[in-house]
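Biologist: Could you walk me through this fold, one question at a time? I'd like to start with the cysteines.

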Amino acid sequence: MQKLILFVIWAVLATSVHAATSLCSIAGHYVGKYDGPADRGTISADVSATDGVVTGEARSALHDQAFKIGGVVNDSGVLTANGAVGSGAAFSGRFLGGYASGQWVNGDGDGTWGLIRKEQQEGCE
């Protein structure tokens, strides 16, 4: 019984460490822009090494409004849950090597976005 408990603890720790380290190449603080015919602005986002959750803000330069953004990045860098934005826009794309890019759609509007990682998440160096 004691061996089983130790094995379960080891398995949980090994899984947690693997999940964190596999996302460390992606995790950190990103800044960048989005652009399209109907809107453009800036983006500031953080990607967690623990679970790949993306949180941040998109700020429209044309409408002077800020919107919360969120999503999930898998360990391959793909934005697996479209990055939902408070405005109703959906972001899709990929994070790779300290950069991220993709497309966004909002009703009849669409465009592209791009980010650069400015800080790697602490503990991932």
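Biologist: Which residue does the disulfide join to Cys 24?

Modeller: Bear in mind that this is a predicted model, where local features need pLDDT of at least 70, side-chain atom pairs count only at pLDDT 80 or more, and totals for chains, interfaces and linings use all residues. Residues are numbered from 1 along each chain as its sequence is written, and side-chain values use heavy atoms, with hydrogens and water left out. A search of the whole structure turns up one disulfide (a pair of cysteine sulfur atoms within 2.5 Å). With S to S at 2.1 Å, the partner of Cys 24 is Cys 124.

Biologist: How many residues apart are the two cysteines?

Modeller: The pair links distant parts of the chain. Cys 24 sits in the loop between helix H1 (2–23) and strand S1 (28–35), while Cys 124 is in the segment after strand S8 (109–120); helices (H or I, at least four residues) and strands (E, at least two) are DSSP runs, numbered from the N terminus. Along the chain, the separation is 100 residues.

Biologist: Is that disulfide left-handed or right-handed?

Modeller: Both ends are tucked away: Cys 24 and Cys 124 are each buried, meaning under 20% relative accessible area, with exposed being over 50% and partly exposed in between (1.4 Å probe, protein chains only). The torsion about the S-S bond is about -60°, so the disulfide is left-handed.

Biologist: Is Ser 22 in helix H1 buried or exposed?

Modeller: Its C-alpha atom is separated by 7.9 Å from that of Ala 49, 27 residues apart along the chain. The relative accessible area of Ser 22 is 19%, so Ser 22 is buried.

Biologist: Which residue in S7 is the bridge partner of Phe 95?

Modeller: Strands S6 (residues 90–96) and S7 (residues 99–106) pair in the antiparallel sense over seven bridges; pairing takes at least two DSSP bridges between two strands. Their hairpin has two residues between the strands, and Gly 97 takes a positive phi near 60° there. Across from Phe 95 in S7 is Ala 100.

Biologist: And what stands opposite Tyr 99 in S8?

Modeller: S7 and S8 run antiparallel, joined by eight bridges. They also form a hairpin with two residues between them, where Gly 107 in the turn has a positive phi of about 60°. Opposite Tyr 99 you'll find Ile 116.

Biologist: Which residue has a positive phi although it is not a glycine?

Modeller: Most residues other than glycine have a negative phi. Look in the loop between strand S3 (53–60) and strand S4 (65–73), at a residue that is exposed, with a relative accessible area of 64%. With a phi of about 50°, that residue is Asp 64.

Biologist: What is the angle between the planes of Tyr 30 and Phe 95?

Modeller: There are five aromatic pairs in the whole structure; rings of Phe, Tyr and Trp (its six-membered ring) pair if their centres lie within 6.5 Å, and planes under 30 degrees apart count as stacked, over 60 as edge-to-face and the rest as tilted. Tyr 30 and Phe 95 are edge-to-face at 5.1 Å centre to centre. Tyr 30 lies in strand S1 and Phe 95 in strand S6, so the pair ties together parts 65 residues apart in sequence. The angle is 85°.

Biologist: Which residue forms a tilted aromatic pair with Phe 91?

Modeller: The rings are 6.1 Å apart centre to centre, with 55° between the planes. Phe 91 lies in strand S6 and its partner in strand S8, so the pair ties together parts that are 22 residues apart in sequence. Both residues are buried, and the partner is Trp 113.
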